[in-house]
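Colleague: I'm new to reading protein models, and I'd like to go through one with you. Could you show me how to read its features?

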Amino acid sequence: MSAINPTTLAQELMGAYAAGRTIQRPSARDAGFDLRAAYAVEAELTRLRRADGHATVGRKVGYANKAMWRVLKLDTLVWARMYDDTVHYAAGAIASLPVARLLAPKIEPEIVFKLKTAPSSTDPDPVAVLQAVEWMAIGFEIIACPYPDWTFQPADFVAAGGLHAALVVGEPRLILDDDISEWVDRLPRFTVRLFRNGQLVDEGSGKNSLRSPALCLGELAAAIARQATAEPLAPGEIVSSGTLTESQPIATGEVWTAAIEGLDVPGLTLHT
């Protein structure tokens, strides 16, 4: 059991983000700081942010790659909440976001879902999962690290709100029942090319998000359901389903573009 006080650590993390300074990661302070303790901190962050007048609008996932689970001793992905002042919507396919005040920010292209109903926590079938989705889009998750040198364990990641700094959501595509079988087929196979200032920096595909972003959404619902104190996924929530490429450092004055092939979702360009 961790000796770290969740409220104290949540306040320390909020102060670090506000001041643009790093702090010692909790797992280096206390060998007993595990995921259970981390989710208690994440819940306290949520309480503090809500007390400041900010609504939670969705979840973002981390470690949506089963190859990493064995190494990190995970049995599922991890998650954290997103807020009404951290989720932004592009005007069409172009958006802008200042990053100068963020702690060593990085960018990740991700598939974003909006829920129309709560997805089943027991049926992992991607058809059933997508029946709970209103729309999907490509998005840019911006993460910022309050720990030195981007060094952390999964529990540290969760405690820091999944390192979530912002999510920029591109133009959505409605998920109609008649089209779900095609979405299920294409989501594992589509590709994304990530450009910085017109230069290709990385490529990825839907299979990098737990073999399919739809499967990732189903796993998230199941993971949350296994946590007795967690708020279940709810209609209207936005879910960012895990990075499709390696995270890339991002700086002021750059232009980032995610170009999609094999999926009827518009690309997205972000000016920083």
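Modeller: Happy to. Let's begin with contacts, where contact means heavy atoms within 4.5 Å. In this chain, residues 24 or more positions apart account for 75% of the contacts with a separation of 6 or more.

Colleague: Before we go on, what kind of model is this, and how are residues numbered?

Modeller: This is a predicted model, where local features need pLDDT of at least 70, side-chain atom pairs count only at pLDDT 80 or more, and totals for chains, interfaces and linings use all residues. Residues are numbered from 1 along each chain as its sequence is written, and side-chain values use heavy atoms, with hydrogens and water left out.

Colleague: How many helices and strands does the chain have?

Modeller: Helices (H or I, at least four residues) and strands (E, at least two) are DSSP runs, numbered from the N terminus. Here you get eight helices and 14 strands.

Colleague: What does the radius of gyration say about the chain?

Modeller: The radius of gyration is taken over C-alpha atoms, and the globule rule is 2.2 Å times the number of residues to the power 0.38. For 272 residues, that puts a compact globule near 19 Å, and the chain agrees, with 18 Å. Its C-alpha atoms fill a box of roughly 50 × 45 × 40 Å along the principal axes.

Colleague: And how much of the chain counts as buried?

Modeller: Buried means under 20% relative accessible area, exposed over 50%, and partly exposed in between (1.4 Å probe, protein chains only). By that cut-off, 51% of the 272 residues are buried.

Colleague: Which strand could I look at as an enclosed one?

Modeller: Try β7, residues 164-169. Five of its six residues are buried, so β7 is largely enclosed by the rest of the structure.

Colleague: Which strands pair with β7?

Modeller: Two strands pair if DSSP finds at least two bridges between them. β3 (residues 87-89) pairs with β7 in the parallel sense over three bridges, and V87 stands opposite L167 there. β6 (residues 133-143) runs antiparallel to β7, with five bridges joining them; in that pair, G139 has V169 as its bridge partner.

Colleague: Where can I find a hairpin?

Modeller: Look at β9 (residues 191-196) and β10 (residues 199-205), which pair antiparallel over six bridges. One of the partnerships is R193 with E203 in β10. The two strands form a hairpin with two residues between them, and N197 in the turn has a positive phi of about 50°.

Colleague: Which residues have a positive phi although they are not glycines?

Modeller: A104 and L163 are examples to compare. A104 has a phi of about 45° and sits in the loop between β4 (94-96) and β5 (106-115). L163 has a phi of about 60° and belongs to the loop between α6 (154-159) and β7.

Colleague: Are A104 and L163 buried or partly exposed?

Modeller: A104 is partly exposed, at 45% relative accessible area, whereas L163 is buried, at 1%.

Colleague: What does L163 touch in the model?

Modeller: One of its contacts is Y147. That tyrosine is in the loop between β6 and α6, and at 1% relative accessibility Y147 is buried. Leaving out residues up to four places away in sequence, Y147 also touches others, including L13, T22, R25, P26 and F152.

Colleague: Where is L263, and is it buried or exposed?

Modeller: L263 lies in the loop between β13 (255-261) and β14 (268-271). Its relative accessible area is 8%, so L263 counts as buried. Beyond its neighbours within four places in sequence, L263 is in contact with I111, M136, W183, R186, L187 and F190. L263 and G206 are 57 residues apart along the chain, and their C-alpha atoms are separated by 9.7 Å.

Colleague: What about A234: where does that residue lie?

Modeller: A234 is in the loop between α8 (213-225) and β11 (238-243). With 29% relative accessibility, A234 counts as partly exposed. Along the sequence A234 and T117 are 117 residues apart, while in space their C-alpha atoms are 6.6 Å apart.
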